[in-house]
Amino acid sequence: MNSGHSADDVLALGSDRVAVFLCLGGNYWPHGAVAVSSVSRFLSGIDVWIFFATPNGRWQRKIRNLLESSGSSVTFVPFDSDMLQGMKECGYLGLSAYYRLFVPDLLPKRLRRILYLDADLIVRRSIRDLYMHALGGCVIGAVSGPTSIACQRDAARLGLPEGRSYFNTGVLVIDLFRWREMGVRELCLEYLRLHPEKVVYADQDLLNVTLHGLCAPLPPTWNVTVELFRSPSSPMAQEHSVIDISALLSDPAIVHFNGQYKPWFLRYRHPFKAEYLALRRDLQLRPYISDDLFSLPLKLLRQVIS
């Protein structure tokens, strides 16, 4: 029996409201708030779930006021960090990167589809079309890595079948029914237990291994990562003309500030950093420059001494 659901099935199952979830590590509240704010600019009537490590009353109030003023809702859920005991830490990513493996099983069972968004991104148009993208029976929808070289490298590292693309998990459309039916979380954790040496990018690697044949490709505009801005002439993982790449860079639907360096760092350079800063200032209602304004001189001094 085919248990996949089309986008039309999602609406038939009850609600045309868009469901979204984010996962926030300890210091990511301001950035998660910016991501949510960017979504709400173009779409009202959304239901948001935020799973977090440490509460932050100030930013929780800002997010709640922002969403409820436009007919949307937000549910804050503390994440039980005990579930992550013994899991491999992958550099700057931290253990919070694994949250999204657990969340689909923690959400209300009435939900059949949900959109996951990383906290280090900004949305630049309505996400309704993204949310309703047909998955064709796949478990998730995701955008392949921006360049074919990077895709081939990461796919080979994990031993994926030849021809399979390595996708980025910063933006995911998830069929929750299929996810739960397959037991995706358990499959990912089993791979991590058996092959910890192969895992470099935490849950992103695990999902690529587990769902490499069950991921529907999303249009690249829904997750334009920093690699494409750095190497706009590199061959893309999917076939796109030079004009398409130019359009992606000039007017992306979602800008993803992936990687170790972020737009809230003073010395960070990115064509869309100003949009992040504008959203952040509107939320804070006071002047804002960067999160590392005061720590940067000390960091530079340490580098000089070392």
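**Notebook: strand β4 and the cysteines**

I began with the pairing of β4 and noted that Ile114 stands opposite Ile174 in β7. The model I am reading is a predicted one, and I keep that in mind for each entry below.

Following that pair outward, I found that β4 and strand β7, residues 167-175, are joined by five bridges and run antiparallel. On the other pairing I looked up, strand β1, residues 18-24, is joined to β4 by two bridges, and these strands run parallel. Within the pairing with β4, I located Phe21 opposite Tyr116.

Next I asked myself which way the side chains of β4 point. I recorded Arg113, Leu115 and Leu117 on one side, with Ile114 and Tyr116 pointing the other way, and every one of them is buried. Such a pattern is what I would look for, because side chains in a regular strand alternate between the two faces of the sheet. Since five of the five residues of β4, residues 113-117, are buried, I wrote the strand down as largely enclosed by the rest of the structure.

I then turned to the cysteines and asked how many disulfides the count gives. The count comes to zero disulfides. For Cys138, which is in no disulfide, I noted that the nearest cysteine sulfur belongs to Cys215 and lies 6.9 Å away, whereas a disulfide would need the two sulfur atoms within 2.5 Å.

Last, I checked whether Cys138 and Cys188 are buried or exposed. Cys138 has a relative accessible area of 15% and is therefore buried, the cut-off for that word being under 20%. Cys188 is buried too, with a relative accessible area of 0%.

How values were computed. Residues are numbered from 1 along each chain as its sequence is written. This is a predicted model: local features need pLDDT of at least 70, side-chain atom pairs count only at pLDDT 80 or more; totals for chains, interfaces and linings use all residues. Side-chain values use heavy atoms; hydrogens and water are left out. Buried means under 20% relative accessible area, exposed over 50%, partly exposed in between (1.4 Å probe, protein chains only). Helices (H or I, at least four residues) and strands (E, at least two) are DSSP runs, numbered from the N terminus. Two strands pair if DSSP finds at least two bridges between them.
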